[in-house]
Amino acid sequence: MSSRTNIALSVRGLSKAYSIAHEQEKHPTLAETLLHRVRQPFRRAAKETFWALKDVSFDIQKGDVVGVIGRNGAGKSTLLKILSRITEPTSGVIKLYGRIGSLLEVGTGFHPELTGRENIYLNGQILGMRRKEIDKQFDAIVDFSGVEKFLDTPVKRYSSGMYVRLAFAVAAHLQTEILIIDEVLAVGDVEFQKKCMGKMKDVSTNEGRTVLFVSHNLSALESLCKSAILLRAGTVDTTGGIHDVISRYFSDASDNANGQFDLRSHPARARGYDPQITEVRTLRSDGRASGEFFATGTMTIEIDIAPKNIIHEPRVAIAIEDQSGRRIMTTATYFSARPFHKEGAEQFTARCVIPKLNLGEGRYLISVSCSDKLAGMLDSVDGAAWIDIKWDNAYQSSEAYNPVYGPVLCNADWSVKND
Amino acid sequence: MKISNSVGSDGSHRLDPPALEEAGGEDASTDWPQPHLVIEPKAGWVALDIGEIWRFRDLLFTLAGRDLKLRYKQTALGVIWVIMQPLMGALIFAFVFGTVAKLPSGGVPYVVFSFAGLLGWNYFNGVLSKVGNCLVGNSHLISKVFFPRLVLPLSTIGSTLVDFAAAAGMMAVLMVFYRVAPSPLLLLFPLWMLLLTALALGVGLITAALAVSYRDIQYIVPVFTQFLLYASPVAYSVDAVPARVRWVYLLNPLTPPLEAMRSSLLGTTFPGTGSLAVAAAWSVGFLLVGLYSFKRMERSFADVI
């Protein structure tokens, strides 16, 4: 349990509401607002309140490295923005026991016309460093970035790789007791990414600082963090060890592995949509529902849709994501020349056959959505289903699959070219 | 597991650890350490956190330096433009108002006379327009990092002051060239600058805060300042205004400090302490309203911008 003297950060009852004005009520110019007030002096614009965060509470101990996980729209960015004081909470209290620094993007405030040296100072100070602190770290920053030769060149002449390296180098030398990091891990080329990850590990483990990581890259989080917070629809779903939380994140999809996913009350349904996609089934070539497929096997996906209103032309889409949350592929009815036609309000089933999956071993999430050509989005469920890919010796050699090869298998013919 | 989630995810009831208590006195009675920083919604008038701005003073100066560097990068003549612009303006005014319209200039060559007017006016206009644009122009910073938002408008004063210093140097050159001796009131010059700064900052803060939601402001302000340029004694002196409409000039809080500036430099008619006091009241009033509206809107900048 938490000890009081060792606390780094405590969040209590944190909520953030955004009010969304309806399209016809929006007044982007002063004149329109005034005109509206004159016409309807007593009517306030009808506004919908959207709770990006609702009653979020947690404690983080000093020296902890905590990942924040959640699907798009779960409230991760809002939480980060409140913690870094960019925006104010609607209610709730955060107590920070130490200086806080946040890196919501690399190179904030970098100006293309300024030199590398000038940008180091500008960016460092924008991140909250004092001039003297930057003086002290200047050599380390330059050394880490590897752009010492171009320090007095305007950064607009930098290659994008150099630019990003310099930006990350400044950020990595921010010396606050509490650090918030958002999606900055994946910058630069592979070589530099490794260096970044190493630096992140140093920062979080060796230097004994408290770090909050937010990333879609679950494998990066898994290697950096000990514990995690899972956000869902603006509330804290789970807190605990990183492995437990990640598996909880995946089990969002459903717990039954038999290839049948009931979506009528799915937690990851995009907010504001009524359940109209009722079920997803993943079928093997023999027509049997299953959660397991071979790497080069055939998969048929069936999506049951029960439209609430009359639909004119449904547009159904399927996306496959890997374990780190990265989208691998998307297919949709409108990606093909063959018309996909269905009119009316009765229930129907969309059927998609993927003749050869060509995916590497591991677990994949399937997201589905359905929109109408005229009415727009009807329903969307992230991670509606999941499948496990088994290795079936797809290389047809004794070579085993390794995740570093990437998730997509390639149909390739190798031969020696003879003249 | 080190994270403790003290609130049920259903949110139906929450445990109340001592940290939840609002009053500071509650903290002292428990063994909770004193937090470094508390983030919570702020209501109503938010105190100006001078201490926080002071902590970010390095950034304030760096931003001012950035403004200066960027303004004259890739220009062939660079800082010379700071002098050329008012000089050309002064020459045009001297021709139109001095040579063609033959307005009085208190015995001072008209170029020097109108340059002295433009000196104060350009400073006022520079602060006003740059403060007005500082939030919209730095929206990428506002939505990505925290720093006291007041650092942005304050930094523009710094860079405008440098421009002013260059133009003031030119003023000295002109005075030597035309053999015009300054008045002993020159010692009070910083006071007139203070009045102009307060007024420009106040009006600028109001427009900056409004521009976040209504970009219209960006189009209104230049029209307004162009009107103000001719409604203020920049190109001519108040002495040239017919006595029966001169009272209108008292309504313009720019008139007394501009006239006082010129009087300090060239020994022309002094506006009188009464009207200066009224102008000072206007300036302080605008500054307070400006600070209030800026601080009030500050909370929602990142959500709206």
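**Chain A: overall architecture and two positive-phi residues**

Among contacts in chain A between residues at least 6 apart in sequence, those joining residues at least 24 apart account for 69%. The model is predicted. Its chain A contains eight helices and 18 strands, and buried residues make up 52% of its 419 residues. Two residues, Ala233(A) and Asn358(A), are described below for their backbone conformation.

**Surface of the chain**

- Chain A has an accessible surface of about 19,600 Å².
- Carbon and sulfur atoms contribute 50% of that accessible surface.

**Backbone conformation: background**

- Most residues other than glycine have a negative phi.

**Ala233(A)**

- Ala233(A) is not a glycine, yet its phi is positive, at about 50°.
- The residue is located in the loop between β8 (227-232) and β9 (235-241) of chain A.
- The relative accessible area of Ala233(A) is 36%, so the residue is classed as partly exposed, a category that lies between the 20% and 50% cut-offs.

**Asn358(A)**

- Asn358(A), also a residue other than glycine, has a positive phi near 55°.
- Its position is in the loop between β16 (348-354) and β17 (362-372) of chain A.
- Asn358(A) is classed as buried because its relative accessible area is 12%, and buried means under 20%.

**The two sites side by side**

- Ala233(A) is partly exposed, whereas Asn358(A) is buried.
- Ala233(A) belongs to the loop between β8 and β9, and Asn358(A) to the loop between β16 and β17.

Definitions and conventions: Residues numbered from 1 in each chain as written. Chains lettered and ligands numbered in written order. Predicted model: local features only at pLDDT ≥ 70, side-chain atom pairs only at ≥ 80, totals over all residues. Heavy atoms only, no water. Helix = DSSP H or I, 4+ residues; strand = E, 2+ residues; numbered from the N terminus. Buried < 20%, exposed > 50% of the residue type's maximum accessible area, 1.4 Å probe, protein only. Contact = heavy atoms within 4.5 Å. Areas by Shrake-Rupley, 256 points an atom, 1.4 Å probe, with all protein chains shown as cover.
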